[in-house]
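Subject: Structure handover

Hello,

Here is the structure I promised you. Please open it beside this note. My findings follow below.

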Amino acid sequence: MSIRVLNSGDTALVVEFGDRIDRAISDRVLALRGRVDAARIPGVVETVPTFRSLMVHYDPLTVRAAELTGTLKTLLEGAKALDRVRRLWRVPVCYEAELAPDLADVAARTRLGPDEVVRLHSSVRYHVYMVGFLPGYPYMGDLPAPLRLPRRADPRVRVPPGSVAIATAMTAIYPVECPGGWHLIGTTPIGIFDTATEPPALFAPGDAVEFEPIDRATFDRLQVRTAHGEHRPLPSELVP
Amino acid sequence: MSGALVVLAPGLHTTIQDRGRFGYQAFGVPVSGALDAECLEIANRLAGNAPETPALEMLYQGPTLEVETDSVRVAIAGAGAEIELLGASNRRLGGWRSITLARGERFRVQGLAAACAYLTVSGGMAVAPVLGSASTFARGGFGGWHGRALQAGDRLPLGRDSAEERGELALPDPPGPGLDRPIRLVLGPQQDHFAEAALDTLLTAEFTVSQQADRMGLRLDGPTLPHRGDYNIVSDGIATGAIQVPGSGQPILLLADHQTTGGYPKIATVISADLPLVGRRRPGDRVRFAAVGIAEAERLRRAERAALDALLAKVTPLRAEGRLDLDRLFGANLISGVVFDNP
């Protein structure tokens, strides 16, 4: 599929790289985002990367669509791959039953034991494709193939914050209490969205994330420290 | 304790809004901000404030407030919206104007003839910005007044203890809300996900704003807009004004608090010049659409800005000169709190 630049009204352009969830597409989206942000184009308000496209929000009183489209096309040349340092987060997750309400169900439906579900979920390094749906909600992939399930038939009215969830090829963490239809297989004691910090979300599109199983005692200790503002994880750097 | 406006009755959904919260959509944080940026700017001009000063956005029904400071100048903008002074001196003081109120005076905003109107305070409210904006994002629980709509008993702190000594301002011949004007849109970004008939329907049919209307969006009743194929798309970004169509075929026009990304095709996007017209529509109001090209949309936005500037330039001191306007004269005297009310 060739790259398309689409109008979304007179305040946004969509640079569309594909129509599917694909790591190579995401890398191109994020590479373009890096170049657009670095170019500080007059009139560009902000950029929003998604699985398959980059949305460029702009002020139509400052820059016109035709001109901005031309600028973006110029920036597209050479923006082939993600060539920047990525942040790697190691996220502690307690997968014990009382903090993992759907683990047994997922284990049954995937015909894997709970231990194997946990081992698989925490065995890979995930890529943050995008943050959306809710403030701070990271769409991370790709989930190991044996763990992929459709969303729950009956979404929950309330999912507790910190819930680690899976659905289709994605895993995510619920930043706040909200309704949700994904399978809850663990809980992290760390906070991932706080308007008092800059930026407010722990994860940004393009980050790498690994999950580290912890026991309940460790969870409780980290949760208390998080509540007191004493524990905020720091990322390490992944050099390309 | 600093001066305040005390909320006696909150109205239906009264929130603090400014122009919005920019720069955080990549973290899933919606822009929020005033549904009707034109009226926000007019209210602030009437109050002598900078155009982006946070104001109270009143949805459908205004609040009742009490002055708990030496004096405060407020200004109101929005179709039909009037300030009504309560108590012994009960009197309607009109809209599209500023007015200075004294300690202990109670007033309410009534008569809204559009979905929203704005009440702003000279010198602003003492509300700390969150992520660079005072706009309330109620679903996320942050911004504005404790991240929520006003409630009875709230005490909104003011930036200033007493009103500056100067005359009041008014906007003569204010514009109508334009509830019957067609809403102009640019097709896309996903118009190719729809059958040709759906595009025809969008541009010829009449829709009605349903009861499912809030700051996130307006669900429109009317004919359905059939998709060409699958109604799920891989999520992409959303611009304010986008018209997304879920599986039901019933379009949803997305407003200030919309999610930053979404997985339904967007058949068209309302042009920025017409977003205030959309923000003013209430459940039951009719909506017709007309398509324009992007260059025309840009021309219309510049024309809208010029028209708003011309309107702002018409804001004039409220004086009892020439044609004697008793209502305004009484209002102007009353506001100093001297002539009628103080014993």
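An open sheet of four strands in chain A makes a good starting point: its order is 1-2-4-3, and the pairing is antiparallel. Its edges are strand 1 (4–8) and strand 3 (44–49) of chain A, each of which pairs on one side only. From one strand to the next, the twist averages 20°. Helix 1 (residues 23–39) of chain A packs on this sheet. That helix touches strand 2, strand 3 and strand 4 of chain A, and its direction makes about 165° with that of strand 3.

Please keep in mind that this is a predicted model.

Inside the sheet, strand 2 (residues 12–16) and strand 4 (residues 53–58) of chain A run antiparallel and are joined by five bridges. One pair to look up: Val15(A) has Leu54(A) as its bridge partner in strand 4.

Next to Val15(A) you will find Glu16(A), also worth a look. Glu16(A) lies in strand 2 of chain A. Is Glu16(A) buried or exposed? With 20 or more other C-beta atoms within 10 Å a residue counts as buried. Glu16(A) has 23, so it is buried. Leaving out residues up to four places away in sequence, Glu16(A) touches Ile3(A), Arg4(A), Leu6(A), Arg52(A) and Ser53(A). Val5(A) is 11 residues from Glu16(A) in sequence, and their C-alpha atoms are 6.2 Å apart.

Further along chain A, strand 5 (residues 86–94) has two partners to check. With strand 14 (residues 236–238) of chain A, strand 5 runs antiparallel, joined by three bridges. There, Arg87(A) stands opposite Glu237(A). With strand 13 (residues 208–214) of chain A, strand 5 pairs in the parallel sense, over seven bridges. Here the bridge partner of Pro92(A) is Glu212(A).

Now chain A as a whole. It holds five helices and 14 strands. Its radius of gyration is 19 Å, close to the 18 Å that the globule rule gives for 240 residues, so chain A is as compact as a globular protein of that length. The C-alpha trace spans about 55 × 40 × 35 Å along its principal axes. Of the 240 residues of chain A, 44% count as buried. Take the contacts in chain A between residues at least 6 apart in sequence: 64% of them join residues at least 24 apart.

On to the contact between the chains. How many residues does each chain bring to the contact? Chain A gives 39 residues and chain B gives 35. On the chain B side, strand 16 (236–237), strand 20 (266–270) and helix 4 (294–313) each supply at least two residues. Helix 4 of chain B has the largest share, six residues. By type, the chain B side divides into 17 nonpolar, 13 polar and five charged residues.

Last, the core. The largest nonpolar core has 160 residues. Val56(A), Ile185(A), Ala43(B), Ile76(B), Ala77(B), Ala117(B) and Tyr118(B) touch the most other members. Helix 1 (residues 37–47) of chain B provides the largest share of this core, seven residues. For a closer view, pick Ile76(B). Beyond its neighbours within four places in sequence, Ile76(B) is in contact with Ala43(B), Ala81(B), Ile83(B), Gly95(B), Arg97(B), Val109(B), Ala117(B) and Leu119(B).

Best wishes

Key: Residues numbered from 1 in each chain as written. Chains lettered and ligands numbered in written order. Predicted model: local features only at pLDDT ≥ 70, side-chain atom pairs only at ≥ 80, totals over all residues. Pairing = 2+ DSSP bridges. Axes fitted to C-alpha atoms, helices over the stretch in contact; angles between N-to-C directions. Contact = placed C-beta atoms within 7 Å. Rg over C-alpha atoms; globule rule 2.2 N^0.38 Å. Buried ≥ 20, exposed ≤ 12 C-beta atoms within 10 Å, placed from the backbone. Nonpolar A, V, L, I, M, F, W, Y, C, P; charged D, E, K, R; others polar. Core = buried A, V, L, I, M, F, W, Y, C linked by C-beta atoms within 7 Å.
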